[in-house]
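The exercises below concern the surroundings of bound ligands and the overall build of a protein chain. Each task is followed by a solution that proceeds step by step.

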Amino acid sequence: MANISNVKVDEFMAKVIAKNQGETEFHQAVQEVVESLMPFLDENPEYKFSKILERMIEPERVIMFRVPWVDDKGEIQVNRGYRIEMNSAIGPYKGGLRLHPTVNLGILKFLAFEQVFKNSLTTLPLGGGKGGSDFDPKGKSDNEVMRFCQSFMTELQRHIGPNTDVPAGDIGVGGREIGYLFGQYKRIRNEFTGVLTGKGLEWGGSLIRPEATGYGAVYFAEQMLITKSESMKGKTVAISGSGNVAQYAVEKIIELGGKVVTLSDSSGYIYDPKGIDSEKLAFVLELKNSRRGRISEYAEKFGVEYFEGKRPWEVKCDLALPCATQNEINTDDAKLLIKNGCYLVCEGANMPSTPEAVDIFIESKILFGPGKAANAGGVAVSGLEMSQNSMRLAWTREEVDARLKQIMSDIHETCVKHGKDDAGFVNYVKGANIGGFLKVANAMMSQGYV
Ligand SMILES: NC(=O)C1=CN([C@@H]2O[C@H](COP(=O)(O)OP(=O)(O)OC[C@H]3O[C@@H](n4cnc5c(N)ncnc54)[C@H](OP(=O)(O)O)[C@@H]3O)[C@@H](O)[C@H]2O)C=CC1
Ligand SMILES: O=C(O)CCC(=O)C(=O)O
């Protein structure tokens, strides 16, 4: 006989798919949450009666707009811009902007949906949103990126504000882009406010924000290791990506005595069996953040192997931190990781494991930290940046880092509270989904049918 809970999930998902056609990543993100929540909702029918889940999957607002700009040859280019204002039950919409040629409505809706749960888990008063454009910053000059950002903000500025919607960075959006976006907002609105996070230190940014997602993911991994009376010291770690999240995950792992042996970009990965030390990491930061080059240059510089067109999940490691993009670990990768002895996967990226890969990790009972819990450190420090902006003061590095550590520990505790089974196994996916849901759901219950 079919499991009643599975039937309900299938019925729910059939409606989601019919209503949001072609948005496959959004379906994937919703399905995971619905699977976790359905048994919980059966036991707590008040949320079902109030149609909380049905409301949470519908964005409060979707803004879609034209972004015309002129390239260095004088030719007019047109991109599409988006902001998904998903849920404001517990605070202003908050979430990054992604600039990547693959950006579409479905990808941003998946990210905005996950952001709602993630932001709730941080313990801070942050609603959920996400935005971006199909603009590809690769190969563009600084002036082209600036002109694009100015055009993007010329429209976005009328929809956002420090108490309404506060964007930040994501793939393709770092300090340079936040600067151009902030400059244009200030110019049009004539106000200096905390409308964006990830700002430069001289103009309202917070210490530790650039480091926060990577550091936070490593703090979360440490918390998972503590449940096995272990630590990061001496662990061999495979990391994907070589952008913001990957860079600072490497930095923290080095500090805690672990050894990172891989980094990647969309072209391939490098394998450095001796480990990436601080000097090599400084090279990566310069390569990626200033010269905007390819990770293959690391292999040339340090004489290690480079695997064109491949992902790093085939190397032997104790721990894996996917820090690049969605669906970068599939079934075969998951099986290979486990076969090679990996027993902890901590997601620095958003939804980097396919649903089948997640099932394999959970069935194998390894430590699996889903992105909405494990990478929440970035948005958490964005929340701290908003607090500092409101108070018009700046905390020290130590103060922000201590708060980040405490928040990651609290998120871990929430996952354990809602995800631990009778045999003592912690399903962090279930824990994060129920823990993140509760605060938003209760706020929505208090605020009427909005
Ligand atoms: N920045 C933040 O604070 C937060 C980021 N995240 C998530 O972390 C992940 C990485 O973001 P971030 O480090 O900020 O982004 P960056 O743009 O700084 O770096 C992204 C990295 O991922 C690689 N990458 C991007 N797309 C693909 C792809 N389709 N296939 C393979 N590699 C790819 C890039 O390689 P290439 O240069 O070749 O494209 C680059 O190495 C994303 O999933 C993001 O949503 C989550 C929480 C907060
Ligand atoms: O700092 C933020 O507001 C956004 C971070 C983000 O986009 C994310 O958590 O995926």
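A polar contact is a pair of N or O atoms within 3.5 Å. The model used in these exercises is a predicted one.

**Exercise 1.** Determine which backbone atoms lie at polar-contact distance from ligand 1, and how much of the accessible area of ligand 1 the protein covers.

*Solution.* Begin with glycine 172, where a backbone N or O atom lies 2.9 Å from an oxygen atom of ligand 1. Continue with serine 242, whose backbone N or O atom is 3.0 Å from an oxygen atom of ligand 1, and then with alanine 324, where a polar backbone atom is 3.4 Å from a ligand 1 oxygen. Turning to the area, ligand 1 has 890 Å² of accessible area on its own, of which the protein covers 83%.

**Exercise 2.** Describe the shell around ligand 1, and explain why ligand 1 lies between two domains.

*Solution.* The shell first has to be counted: 25 residues surround ligand 1, and Asp170, Thr213, Ser266, Arg294 and Asn350 are the closest. Sorted by class, these residues comprise 13 polar, seven charged and five nonpolar ones. The last step concerns the domains: because domain 2 (61-189) and domain 3 (211-374) both contribute residues to this shell, ligand 1 lies between them.

**Exercise 3.** Work out which residues and elements surround ligand 2, and which side chains have polar atoms placed by its oxygen atoms.

*Solution.* The shell around ligand 2 consists of 14 residues, with Lys94, Lys118, Lys130, Arg209 and Ser382 the closest. Its composition is seven polar, five charged and two nonpolar residues. At least two residues each come from strand S3 (93-99), helix H5 (105-121), strand S5 (165-169) and helix H15 (377-391). Among the side chains, lysine 118 places a polar atom 2.7 Å from an oxygen atom of ligand 2, lysine 130 has a polar side-chain atom 2.7 Å from a ligand 2 oxygen, and for asparagine 350 the corresponding distance is 3.0 Å. The protein covers 95% of the 290 Å² of accessible area that ligand 2 has on its own.

**Exercise 4.** Is the chain as compact as a globular protein of its length, or less compact?

*Solution.* As a starting point, the chain contains 17 helices and 13 strands. Its radius of gyration is 21 Å, close to the 22 Å that the globule rule gives for 450 residues, so the chain is as compact as a globular protein of that length. The C-alpha trace spans about 65 × 55 × 40 Å along its principal axes, and 57% of the 450 residues are buried.

Methods. Residues numbered from 1 in each chain as written. Chains lettered and ligands numbered in written order. Predicted model: local features only at pLDDT ≥ 70, side-chain atom pairs only at ≥ 80, totals over all residues. Heavy atoms only, no water. Near = heavy atom within 4 Å. Polar contact = N/O pair within 3.5 Å; in protein donor to acceptor, adjacent residues only side chain to side chain. Areas by Shrake-Rupley, 256 points an atom, 1.4 Å probe, with all protein chains shown as cover. Helix = DSSP H or I, 4+ residues; strand = E, 2+ residues; numbered from the N terminus. Nonpolar A, V, L, I, M, F, W, Y, C, P; charged D, E, K, R; others polar. Domains from an automatic or database assignment. Rg over C-alpha atoms; globule rule 2.2 N^0.38 Å. Buried < 20%, exposed > 50% of the residue type's maximum accessible area, 1.4 Å probe, protein only.
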